[in-house]
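Subject: Handover of a structure and the findings on it

Dear colleague,

Please find below the structure that I am handing over to you. I would be grateful if you could keep it open while you read the notes that follow it.

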Amino acid sequence: MSSAKIITMFGKDSCAKTTDAMDKKATVNSDTMITIGSITRPARKYFGNGKLKEESYYLEDKSKAVTKWYYMDGNVSAEYHYKDGKIHGLQKTYYFNNKKKSENYWAEDLQHGSYKKYYENGTLKEEGEYVQGKKSGAWKSYNEDGTIS
């Protein structure tokens with residue numbers, strides 16, 4: 001079977017539609033992830049309005065993945081990285097207005113490394129470090145105008 005036939009048979013518009021039991025109101029269908037050689041297509045879920053809700057990309061051996069979640073208007077709400085099935089690496093969350101909400105690092109499902117949280121206007125709200133899932137060292141908090149609180 002050629003690659004073109006596989007993509008045609010399993011592409012978004014022709015894939016079998018499934019409904020998640022946990023997400024019946026929001027999800028109307030999901031794409032099937034397909035690997036052709038070294039290319040891995042994303043797994044996708046959609047809101048009832050047809051807009052993209054969640055998108056995951058995997059390496060061929062599924063040892064690493066990136067998942068993005070979206071608001072119903074299409075803006076990204078969060079981006080997570082995984083390694084061997086565990087949250088690992090830089091994670092970002094966003095407000096509805098596309099401004100960054102938080103940015104932090106994880107290692108094997110535990111927060112580990114720098115952490116930053118922002119106000120909706122983009123000003124830094126809080127920053128510090130995590131070590132093995134626990135706050136470590138001095139943490140700083142800021143007012144919305146940027147002054148230290």
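What does the secondary structure of the chain come to? The chain has one helix and twelve strands. Read from the N terminus, the order of the elements is α-β-β-β-β-β-β-β-β-β-β-β-β. Please bear in mind that this is a predicted model.

Two totals describe the chain as a whole. Of its 149 residues, 31% are buried. Among the contacts with a separation of 6 or more, 9% are between residues 24 or more positions apart.

The aromatic residues come next. How many aromatic pairs does a search of the whole structure find? The search finds five. One of them joins Trp-69 and Tyr-80: the ring centres are 5.4 Å apart and the planes stand at 90°, so this pair is edge-to-face. Trp-69 belongs to strand 5 (residues 64-70) and Tyr-80 to strand 6, so the pair ties together parts that are eleven residues apart in sequence. Trp-69 counts as partly exposed because its relative accessibility is 24%. Tyr-80, at 21%, also counts as partly exposed.

Another pair is made by Tyr-71 and Phe-96, whose ring centres are 4.1 Å apart; their planes are at 35°, so the pair is tilted. This pair links distant parts of the chain, 25 residues apart. Tyr-71 sits in the loop between strand 5 and strand 6, while Phe-96 sits in the loop between strand 8 (89-94) and strand 9 (100-107). Is each of these two residues buried or exposed? Tyr-71 counts as buried because its relative accessibility is 17%, and the cut-off for buried is under 20%. Phe-96 is exposed, with a relative accessible area of 54%.

There is also one aromatic cluster formed by Tyr-115, Tyr-130 and Trp-139. The face of Trp-139 has Lys-135 over it, at 4.5 Å from the ring centre.

Glu-79 deserves a separate paragraph. This residue lies in strand 6, which covers residues 76-83. Glu-79 is buried, yet it has no salt bridge. Why does Lys-68, the nearest side chain of opposite charge, not form one? Lys-68 is 4.1 Å away, and a salt bridge requires a distance within 4 Å, so the pair does not qualify. The side chain of Glu-79 does make a polar contact, at 3.3 Å, with the side chain of His-81. Once neighbours within four places in sequence are set aside, Glu-79 is in contact with Val-66, Thr-67, Lys-68, Leu-90, Gln-91 and Lys-92.

The last residue in these notes is His-112, which is placed in strand 10 (residues 110-118). With a relative accessible area of 33%, His-112 is partly exposed. Which residues is His-112 in contact with, leaving aside its neighbours within four places in sequence? They are Tyr-105, Trp-106, Ala-107, Tyr-130, Val-131 and Gln-132. For Gln-132, the backbone nitrogen lies 2.9 Å from a polar atom of the His-112 side chain. Tyr-130 is also a member of the aromatic cluster described above. Finally, the C-alpha atoms of His-112 and Ser-136 are separated by 9.6 Å, and these two residues are 24 residues apart along the chain.

Yours sincerely

Methods: Residues numbered from 1 in each chain as written. Predicted model: local features only at pLDDT ≥ 70, side-chain atom pairs only at ≥ 80, totals over all residues. Heavy atoms only, no water. Helix = DSSP H or I, 4+ residues; strand = E, 2+ residues; numbered from the N terminus. Buried < 20%, exposed > 50% of the residue type's maximum accessible area, 1.4 Å probe, protein only. Lys, Arg positive; Asp, Glu negative; His and termini not counted. Polar contact = N/O pair within 3.5 Å; in protein donor to acceptor, adjacent residues only side chain to side chain. Contact = heavy atoms within 4.5 Å. Phe/Tyr/Trp six-rings, centres within 6.5 Å; stacked < 30°, edge-to-face > 60°. Lys NZ or Arg CZ within 6 Å of the ring centre and 35° of its normal.
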